[in-house]
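Biologist: Got the model open on my screen. Can we go through it together?

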Amino acid sequence: MHITVAPASPKTGQAAIRALLRDPSNPTVRGYYRDINRVPAEFKDDPRFEAVQGDVENAGTLDFSGSDAVLNITPPVYQDIDSVAHAHLVSENVKAAVKRAGSVKRLVLLSSIGAQYDHGTGEILTNHEAEVVLRDAAPEVVVVRASYFMENWASSLETLPSGFFFTTVTPVDRPLNMIAVRDIGATLAGELLATGGALPSNPHVFELRGPRDYSSLDVQKAFEEVTGRSIELRAVGRDELAGFYAAVFPPSVAARFTAMTESFLEGGVLYEDPRPTREKKYGTTELAEVLRELLNEA
Ligand SMILES: NC(=O)c1ccc[n+]([C@@H]2O[C@H](COP(=O)([O-])OP(=O)(O)OC[C@H]3O[C@@H](n4cnc5c(N)ncnc54)[C@H](OP(=O)(O)O)[C@@H]3O)[C@@H](O)[C@H]2O)c1
């Protein structure tokens, strides 16, 4: 089986490639990098891995010929541009490359919880746009709607040495599902390797969740467990969100992240979730395991 990952740089793409290269069925994998110098050392010497220079923003740089399956990830954009228009462009480019190749039987799209909604979810509207464009891009389409990444807490590593971290998941005892990137990679790899197999529906859409929900208080406890010290939790309230994001992002990015966070809060679209994704699958990695790894890598 020959599998293409475009783009390959996102941490979920990297996790999927790692899982594919470890699989006993020995698939060959091609990864697209807009900057070829970003290929991780761990893949470089693997004879079943090929790194190719190409950018999903530029249709002409994508050649999926010979691939049985393609993994597509909508890259997040942190510039002051229309992110939904960007998601539309990169998804159309991937769709055209799949059609041009003629060999691709299955497209697997990494998406997000809440991508079924066309309003009220801020940044997640990029994932909605990708789902709309790609829903019929290949004979088989699988959409994996991941929950909140445990690795998002990497942003806390900067303040932890000072003994505190910020959370936008409030109230602080509110449970939220979180999934490890490693489990996302394993699931994406499994779906790619199942190319040609029967799908319960087409597109086959499911939500990918971690083994349990965690509140901000649980995150605090996990940080205390892995650091062995007392860590203060600083909650960012609903009316402080815009200022919190504006301090680190350009204006339109800050607005999208504020709207996305609000959608998780009481009264928001994702809090209410009136049209939940019916099928759910679960990872097994616990939050403390991921936080320990993040701290060790820092
Ligand atoms: N974070 C969450 O909680 C969450 C939850 C559910 C779903 N999601 C979705 O998961 C996806 C993000 O996954 P992730 O966290 O794995 O991403 P990530 O690690 O933040 O990926 C960002 C990388 O994508 C690459 N990239 C950006 N634009 C590119 C382009 N035009 N062409 C090629 N590569 C490009 C860049 O790598 P280089 O600089 O090396 O080129 C960049 O570092 C998004 O679609 C997001 O909406 C996220």
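**Working through the model**

Biologist: Let's start with Asn-26: what does its relative accessibility make it count as?

Modeller: Asn-26 counts as partly exposed, because its relative accessibility is 45%, which falls between the 20% limit for buried and the 50% limit for exposed. Keep in mind that this is a predicted model.

Biologist: And what is phi for Asn-26?

Modeller: Positive, at about 55°, even though Asn-26 is not a glycine. You'll find Asn-26 in the loop between H1 and strand S2 (28-33).

Biologist: What about Asp-273, what is its phi near?

Modeller: Phi of Asp-273 is near 45°, so here too a residue other than glycine has a positive value. Asp-273 lies in the loop that runs between helix H9 (269-272) and strand S13 (280-282). At 25% relative accessibility, Asp-273 counts as partly exposed.

Biologist: Okay, prolines next. Which residue is joined to Pro-171 by a cis peptide bond?

Modeller: That's Thr-170, and omega of the bond is about -10°. Pro-171 sits in the loop between strand S8 (164-167) and S9. There is also a cis peptide bond from Ala-6 to Pro-7, with omega near -10°.

Biologist: Where is the place of Pro-7?

Modeller: In the loop between strand S1 (2-6) and H1.

Biologist: Switching to strands. How many residues of S10 are buried?

Modeller: Five of the six residues in strand S10 (residues 204-209) are buried, so the strand is mostly covered.

Biologist: How many bridges join S6 to S10?

Modeller: Five, with strand S6 (residues 140-146) and S10 running parallel. In that pairing, Ala-146 has Leu-208 of S10 as its bridge partner. S10 also pairs with S13 in the parallel sense, over three bridges. Leu-208 turns up again there, with Lys-281 of S13 as its bridge partner.

Biologist: Remind me what holds paired strands together in a sheet?

Modeller: Backbone hydrogen bonds, in either a parallel or an antiparallel arrangement.

Biologist: Back to Lys-281. Which ring does its charged end sit over?

Modeller: The ring of Phe-206, with the charged end 4.4 Å from the ring centre. There's another contact of this kind at Phe-164, where Arg-234 lies over the face of the ring at 3.6 Å from its centre.

Biologist: Which aromatic residues form a cluster with Phe-164?

Modeller: Tyr-78, Phe-166, Phe-244, Tyr-245, Phe-249 and Phe-257 join Phe-164 in one aromatic cluster.

Biologist: How many aromatic pairs does a search of the whole structure find?

Modeller: It finds 13. Take Phe-43 and Phe-49: their ring centres are 5.4 Å apart and their planes are at 50°, so the pair is tilted. That follows because planes under 30 degrees apart would be stacked and planes over 60 would be edge-to-face.

Biologist: Do those two count as buried or exposed?

Modeller: Phe-43 counts as buried, at 1% relative accessibility. Phe-49 is buried too, at 9%.

Biologist: New topic, the open sheet of three strands. What order does it have?

Modeller: The order is S7-S9-S11, and the pairing is mixed. Strand S7 (148-149) and strand S11 (213-214) stand at the edges with a single partner strand each, so each has one side without a neighbour in the sheet.

Biologist: In what sense do S7 and S9 pair?

Modeller: Parallel, over two bridges, with S9 covering residues 176-179. On the residue level, Tyr-148 has Met-178 in S9 as its bridge partner.

Biologist: Now pockets. About how much space lies in the second largest one?

Modeller: About 400 Å³. Its lining has 16 residues, and Arg-18, Glu-151, Val-181, Arg-182 and Glu-293 lie nearest the centre. Helix H1 (11-22), helix H5 (181-193) and helix H10 (287-297) are the elements that give two or more residues to this lining.

Biologist: Which of them gives the largest share of the lining?

Modeller: H1, with six residues.

Biologist: Last one: what does UniProt list for residues 9-152?

Modeller: An unreviewed UniProt entry lists "domain: NAD(P)-binding" there. In the model, residues 9-152 are 31% helix and 22% strand, with the end C-alpha atoms 17 Å apart.

Note on methods: Residues are numbered from 1 along each chain as its sequence is written. This is a predicted model: local features need pLDDT of at least 70, side-chain atom pairs count only at pLDDT 80 or more; totals for chains, interfaces and linings use all residues. Side-chain values use heavy atoms; hydrogens and water are left out. Rings of Phe, Tyr and Trp (its six-membered ring) pair if their centres lie within 6.5 Å; planes under 30 degrees apart count as stacked, over 60 as edge-to-face and the rest as tilted. Buried means under 20% relative accessible area, exposed over 50%, partly exposed in between (1.4 Å probe, protein chains only). A charge sits over a ring if NZ of Lys or CZ of Arg is within 6 Å of the ring centre and within 35 degrees of the ring normal. Two strands pair if DSSP finds at least two bridges between them. Helices (H or I, at least four residues) and strands (E, at least two) are DSSP runs, numbered from the N terminus. UniProt positions are given in the numbering used here, feature names are shortened, and annotations may be inferred rather than shown by experiment. On a 1 Å grid over the protein atoms alone, a cavity is a set of points where a 1.4 Å probe fits but cannot get out, and a pocket is an open set with protein on both sides within 12 Å along at least five of seven lines; lining residues have an atom within 4 Å of a point. Grid points are joined across faces, edges and corners, and a volume is the space filled by probe spheres set on the points.
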